[in-house]
Amino acid sequence: MVRRTMSYALVALSLPLRQSFTYRVPEALEAEARPGAMVEVPLRGRSVRGVVLARVRSSERADAQALTRVLSPPLLSPHLLELTRWVADYYLAPIGEVVAAALPGGGKGLAASRARRGAREDAVLRMALPERVTLSPAQRDAVREVEQAVRAAAFAPMLLHGVTASGKTEVYLRGALTAREAGGQTLVLVPEVALASQVVARFRQRFGGRVGLLHSYLGVGERRRNWELARRGALDVVVGARSAVFAPLPDLRLIVVDEEHEPAYKQSEQLRYHGRDVAVRRAQMLGVPVVLGSATPSLESLANAARGRYRHIQLPERIDRRPMPSVQVVDLRREDAALLSRPLRAAIAARLERGEQSLLWLNRRGHTHHLQCHACGWSPACPDCDITLTLHVDPLALRCHYCDHRAPAHSRCPQCEAGLQLRQSGAGTQRVERELARTLPAARVLRLDADISRDRAAPADVLERFSRGEADVLLGTQMIAKGLDFPDVTLVGVLDADVALHLPDFRAAERTWQLLVQVAGRAGRGRAPGEVLVQTCTPEHAAIAAFASGDTPAFQRQELAERRDAEYPPFVRLATLLVSGTDAALVEQAAVALGEHTRAAAAPLGVRVLGPAPQALARLRGRHRWHLLLKAPQARPLREAAAAALEWADRSRTLGRVRVMADIDPIEVL
Ligand code: ADP
Ligand code: ZN
Ligand code: ZN
């Protein structure tokens, strides 16, 4: 083995490869090729972009090729490089993809970006408004704990468990002010882009212009500009969705994860990291506090609090002791109108009369989800996914909600040509919008769902118009279910509580209960009391019954008992191995072979392997999908087994054109 003392660089290439590559650093680039810098390197005769992870003095790779060019000064700090390496390692993910996630727009064009290099703070900073807010007693205790933790500048994970409208945001604000007093910054993560603008507005009221947004809906120029301002320390607070967990902040003193229970924090494609868990890890690396806030904490976080790993801070009451909304369950089996039942229509009409606002929540967009021929049973399906198409009316088309395949809408069955109307069930938001126009023509309705938000500015615009009172009813999907603070909303209508209940996922009941509590929490946040109407066909289901009775501890005890019996988190750790490809037979073969090898690797580690089995959505975008489920009491052996399986898959010829990836701590096991 030849060991030369020269200078080398470990480089993360922007390719889907789990390993990093070693390159020789020519003398001329010695000074510039620092860790965090973007470089150009040769790979199999091509020129590839990458980021220097580290410099090393010696290498066993005597034949290492030389870097070609250095494209930028260091873009990632040593801390962020360490964090990206941790993420790649923990999630068994390609390091280049993690580095790309940490840079705005994946880093493309960033080195030469004018928006980045010319980033200036706003010439006239909006003045901060010191608000006179008298904290509630519970808020005062919470604020004291958070402030002390920020001043102590040590790792301190805290679960801020406060009912809806208990004033959690005020606690975050005070923590951020303390961080600023110490000359540092605060990072605030929110689960959804639509929420970010409302949170930013509240922080700007207090901090003025030194508050920035970072998320993927921003135009690339603005994202680079904010990213650069953050990196220079010109922002006191950065608010953003999942990928903002990598925001470059030179003196980060506090991390806040709002709505910590939200599954949206877990990226469910490509790089499968959990924004909340990475935030906790980042706080630990930096030695700073992290506040996880929620009215409905995940069972995992509650378990961490119960074990004493997280400090449990509670805000048990709403601000000004405003009452929690009253809950009425409407049994749809006894109603003739399944979309807008009589009690719901009456409740909306009463709000119209009093000049109050209503929120209607339905977790299904489009017009109709199930179209079926009465005569032969035909229903339209996506050619590339195992899922039926949804009818949309504006514009008129059948669309796949996974791959957005579009087909012309039929009014008659194309298979049997029976002159019958297709039977419609599973109404979506567009259908409800029409139904509202028909039954309550006086109501001014705004709709907010993924179809609206394709237009980047639209969600913030819709929310702002609603908050200005330009509409009586806001109708929407999960985008309106959480976090929003509209004091004039006194009615929340849940149009179909059963949507998420029957998914074959172990978190289905927890998720349904959380969504109900969250959406109900939007009612009665102002002076007038709130009311919630829940339409369901299964009022007896534990999640719905618990929500109606308000007996949260009983529900959690029962959920935990079931999880313990069935060996699911928080009692065990999970990983899945996902096998996919375009050839059904090859995918099955590969999954079976992978299963055998994984079992062999897992057994001595004490890791259980279930499957392989086809995923619930067995075909997506033309790819067939199988999976294996791994369970273990601890994360380390679990990841070792998964890593061994991936390594075998990388080497294995039998796998051919089949892709294998891991999902560590999966949020859905479907
Ligand atoms: P949460 O995040 O817990 O749902 P918010 O932080 O949105 O609650 O607070 C709910 C409402 O109460 C907001 O309109 C907020 O401005 C207001 N609020 C918060 N704390 C106080 C306080 N101490 N006094 C008066 N109003 C408050
Ligand atoms: Zn037919
Ligand atoms: Zn499709």
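Tutor: A pocket is an open set of grid points with protein on both sides within 12 Å along at least five of seven lines, and a residue lines the pocket if one of its atoms is within 4 Å of a point. The model before us is predicted.

Student: Which helices each supply at least two residues to the lining of the second largest pocket?

Tutor: They are α5 (168–181) and α6 (193–207). The largest share comes from α6, with 7 residues.

Student: What volume does the second largest pocket have, and which residues are closest to its centre?

Tutor: The space in the second largest pocket is about 1100 Å³. Its lining comprises 42 residues, of which Gly167, Thr169, Arg202, Asp485 and Arg525 are the closest to the centre. By class, this lining has 12 nonpolar, 15 polar and 15 charged residues.

Student: Where does ligand 1 sit?

Tutor: Ligand 1 occupies the second largest pocket. There are 16 residues around ligand 1, and those that come nearest are Thr134, Gln139, Ala165, Lys168 and Asp485. Asp485 is also listed among the residues closest to the centre of the pocket.

Student: How many residues of each class are in the shell around ligand 1?

Tutor: The shell around ligand 1 holds 5 nonpolar, 7 polar and 4 charged residues.

Student: Which side chains have an N or O atom paired with an atom of ligand 1, and at what distances?

Tutor: A pair of N or O atoms is read as a polar contact when the two lie within 3.5 Å. In this model, the side chain of aspartate 485 places an N or O atom 2.5 Å from an oxygen atom of ligand 1. For glutamine 139, the partner in ligand 1 is a nitrogen atom, at 2.8 Å from a side-chain N or O atom. For arginine 202, the partner is an oxygen atom of the ligand, at 2.9 Å.

Student: How much of the area of ligand 1 does the protein bury?

Tutor: The protein buries 78% of the 560 Å² that ligand 1 exposes when taken alone.

Student: Let us turn to enclosed spaces. How many cavities of 30 Å³ or more does the model have?

Tutor: A cavity, in contrast to a pocket, is a set of points where a 1.4 Å probe fits but cannot get out. The model has 3 cavities of 30 Å³ or more. The largest holds about 70 Å³ of space. Residues that line the largest cavity include Ala12, Leu13, Met38, Arg49, Val51, Val99 and Leu103. Two or more residues of that lining come from each of β1 (4–13), β4 (46–59) and α2 (95–102).

Student: What are the class counts for the lining of the largest cavity?

Tutor: That lining has 7 nonpolar, 4 polar and 1 charged residues.

Student: What volume does the second largest cavity have, and which residues line it?

Tutor: The volume of the second largest cavity is about 60 Å³. Its lining is formed by Trp361, Asn363, Asp496, Ala497, Asp498, Val499, Ala500, Thr512 and Leu515. The classes represented are 5 nonpolar, 2 polar and 2 charged residues.

Student: I now wish to read the backbone. Which peptide bonds from proline 569 and from glycine 611 are concerned, and are they cis or trans?

Tutor: Most peptide bonds are trans. Here, the bond from proline 569 to proline 570 is cis, and its omega is near 10 degrees. Proline 570 belongs to the loop between α15 (552–566) and β24 (573–581). The bond from glycine 611 to proline 612 is likewise cis, with omega near 10 degrees. Proline 612 is part of strand β25 (residues 608–620).

Student: What of phi: is the value positive or negative at glutamine 270 and at aspartate 665?

Tutor: Most residues other than glycine have a negative phi. Glutamine 270, which is not a glycine, has a positive phi of about 50 degrees. Glutamine 270 lies in the loop between β10 (252–258) and α8 (275–286). Aspartate 665 also has a positive phi, near 50 degrees. Aspartate 665 is placed in the segment after β27 (659–664).

Definitions and conventions:
Residues are numbered from 1 along each chain as its sequence is written. Chains are lettered from A and ligands numbered from 1 in the order in which they are written. This is a predicted model: local features need pLDDT of at least 70, side-chain atom pairs count only at pLDDT 80 or more; totals for chains, interfaces and linings use all residues. Side-chain values use heavy atoms; hydrogens and water are left out. A residue is near a molecule or strand if one of its heavy atoms lies within 4 Å of it. A polar contact is a pair of N or O atoms within 3.5 Å; within protein, one must be able to donate a hydrogen and the other to accept it, and residues adjacent in sequence count only if both atoms are side-chain atoms. Accessible areas come from the Shrake-Rupley method with a 1.4 Å probe; for residues, only the protein chains shown count as cover. On a 1 Å grid over the protein atoms alone, a cavity is a set of points where a 1.4 Å probe fits but cannot get out, and a pocket is an open set with protein on both sides within 12 Å along at least five of seven lines; lining residues have an atom within 4 Å of a point. A molecule sits in a cavity or pocket if more than half of its atoms lie within 2 Å of its grid points. Ala, Val, Leu, Ile, Met, Phe, Trp, Tyr, Cys and Pro count as nonpolar, Asp, Glu, Lys and Arg as charged, and the others, Gly among them, as polar. Grid points are joined across faces, edges and corners, and a volume is the space filled by probe spheres set on the points. Helices (H or I, at least four residues) and strands (E, at least two) are DSSP runs, numbered from the N terminus.
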